[in-house]
Amino acid sequence: MSDTKPSSAIAELVLDVRKTREYSRLTDAIPYTRFMGIGVENLAGEMMCRMRYQPMLIGNSFLPALHGGTLGALLESASIFELLLKTETPRVPKVISLTVDFLRSGKPQDTFARAIITRQGRRVANVRVDAWQDDRTRPIASAHALFLLAEP
Amino acid sequence: MSDDFKLPEDKAGRMERCSLFYSDIVPHNHALGLRLVDVAPTEATVELPYADFLVGNPETGVIAGGPVTTLIDATCGTSVMLRLGRMVPMVTLDLRIDYLRPARPGVSLTAVAECYRTTRQVAFVRALVHQGDKNHPVASAQGTFMLTEE
């Protein structure tokens, strides 16, 4: 699973954003997070992710509820940004496995996520991550994920 | 639940009915461009065409994990309905995805999901994602769904 191309431009951007905290420069540089409206924000002194509500995130129009896949996407993106911005990893970490528990249905509104790195080794990082809407103590989805890190 | 929710007996009818979940009735499936390509008695096959807006690493062109999660979730849900023979309301309880090899950029991803067991309230599904060769899957997944009809 080694990279064939060096990811220099993203690596440089990541180094810069770690210093400047202009997170949107990074999330805008990734087509999928831009499409999904997933951004990194500094809220009350804490770095977290927000997925801005848009009608195309809906999976069940009758309830209505967010598509389960969008919550998985937010949880995974939040984990990747946490690793990129809080550790020394020079490249976008690769997901090895992702296990999502869906706890409540997601309402058509903004959703937040916060990832915690539970272990960071030389090659593998373990992450726990929660997503919530109105009440942070009542997550709507939660995941643990393993990532392969590029060695510095 | 009335008979309106029963799936037709014939394959073409089942394809047509299940394809509804890949139309704008399910906005996010539609936004990603998911397409139902085959149905079997307990199995669904769905394709995710490669697109630039799905890229997670702009330097390699490799697709992000998020669209793969959506692809698997949707395909698994459809396989449950195929096994039950009717359209039932359900929610995903959990989903575990193992990424077995990197996805090749520029090539569509195909998910094949099989619902191998249902109880009155819970359905169990496993799925594989490949890029043309089922023997070399990109991802393997296992999910459980709660059937929510009264």
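Tutor: A salt bridge is a side-chain nitrogen of Lys or Arg within 4 Å of a carboxyl oxygen of Asp or Glu. The structure discussed here is a predicted model.

Student: By this rule, how many salt bridges are there over all chains?

Tutor: The contact between chain A and chain B adds nothing to the total, as the count between these two chains is zero. Over all chains, the count of salt bridges comes to 16.

Student: What is the N to O distance in the salt bridge of B:Arg126 and B:Glu114?

Tutor: B:Arg126 belongs to strand S7 (residues 122–130) of chain B and B:Glu114 to strand S6 (residues 109–118) of chain B, so the pair ties together parts that are 12 residues apart in sequence. With a relative accessible area of 40%, B:Arg126 is partly exposed, and B:Glu114 is partly exposed at 27%. A salt bridge requires nitrogen and oxygen within 4 Å. The side chains of B:Arg126 and B:Glu114 satisfy this with an N to O distance of 3.7 Å.

Student: How many residues apart in sequence are the parts that B:Lys11 and B:Asp38 tie together?

Tutor: The side chains of B:Lys11 and B:Asp38 form a salt bridge at 2.9 Å, N to O. B:Lys11 lies in helix H1 (residues 11–19) of chain B, while B:Asp38 lies in strand S1 (residues 35–39) of chain B, so the parts tied together are apart in sequence by 27 residues.

Student: Is B:Asp98, the salt-bridge partner of B:Arg96, buried or partly exposed?

Tutor: The closest N and O atoms of B:Asp98 and B:Arg96 are 2.7 Å apart. Buried means under 20% relative accessible area. B:Asp98 has a relative accessible area of 22%, so this residue counts as partly exposed.

Student: Which residues do salt bridges that share partners join into one network?

Tutor: This network is in chain A, whereas the pair B:Arg126 and B:Glu114 described above is in chain B. Through shared partners, the salt bridges join A:Glu46, A:Glu82, A:Lys86, A:Arg114 and A:Arg136.

Student: What area is buried between chain A and chain B?

Tutor: The size of an interface is often given as the accessible area lost when the parts come together. The contact takes 36 residues from chain A and 33 residues from chain B. Carbon and sulfur atoms give 60% of the buried area, which is about 2700 Å².

Student: Which three residues supply more than any other three of the area that chain A buries against chain B?

Tutor: The area in question is part of the area of about 2700 Å² buried between the two chains. A share of 21% of what chain A buries against chain B is supplied by A:Tyr32, A:His67 and A:Phe102.

Student: Which element gives the most to the side of chain A that touches chain B?

Tutor: Between the chains there are 12 residue pairs in polar contact. Helix H1 (8–20), helix H3 (31–36), strand S3 (58–60), H4 and strand S5 (94–102) of chain A each supply at least two residues of the side that touches chain B. The residues of this side divide into 22 nonpolar, 11 polar and three charged. Eight residues, the most from any element, come from S5(A).

Student: Of the residues in the largest nonpolar core, which touch the most other members?

Tutor: In soluble globular proteins, nonpolar side chains tend to be buried together. The largest nonpolar core holds 87 residues, and those that touch the most other members are B:Ile72 and B:Leu109.

Student: Which helix gives the most to this core?

Tutor: The core has members in chain B, including B:Leu109. The helix that gives the most, however, belongs to chain A and supplies 10 residues: H4 (residues 68–86).

Student: What is the omega of the cis peptide bond that joins A:Leu63 and A:Pro64?

Tutor: Most residues other than glycine have a negative phi, and most peptide bonds are trans. A:Pro64 is found in the loop between S3 and strand S4 (65–66) of chain A. The bond from A:Leu63 to A:Pro64 is cis, with an omega of about -15°.

Student: What is the relative accessibility of A:Ala44?

Tutor: A:Ala44 has a positive phi, near 50°, and lies in the loop between strand S1 (38–43) and strand S2 (46–51) of chain A. Exposed means over 50% relative accessible area. A:Ala44 counts as exposed because its relative accessibility is 87%.

Definitions and conventions: Residues numbered from 1 in each chain as written. Chains lettered and ligands numbered in written order. Predicted model: local features only at pLDDT ≥ 70, side-chain atom pairs only at ≥ 80, totals over all residues. Heavy atoms only, no water. Core = buried A, V, L, I, M, F, W, Y, C linked by side-chain atoms within 4.5 Å. Buried < 20%, exposed > 50% of the residue type's maximum accessible area, 1.4 Å probe, protein only. Helix = DSSP H or I, 4+ residues; strand = E, 2+ residues; numbered from the N terminus. Contact = heavy atoms within 4.5 Å. Buried area = accessible area lost by both parts, 1.4 Å probe. Polar contact = N/O pair within 3.5 Å; in protein donor to acceptor, adjacent residues only side chain to side chain. Nonpolar A, V, L, I, M, F, W, Y, C, P; charged D, E, K, R; others polar.
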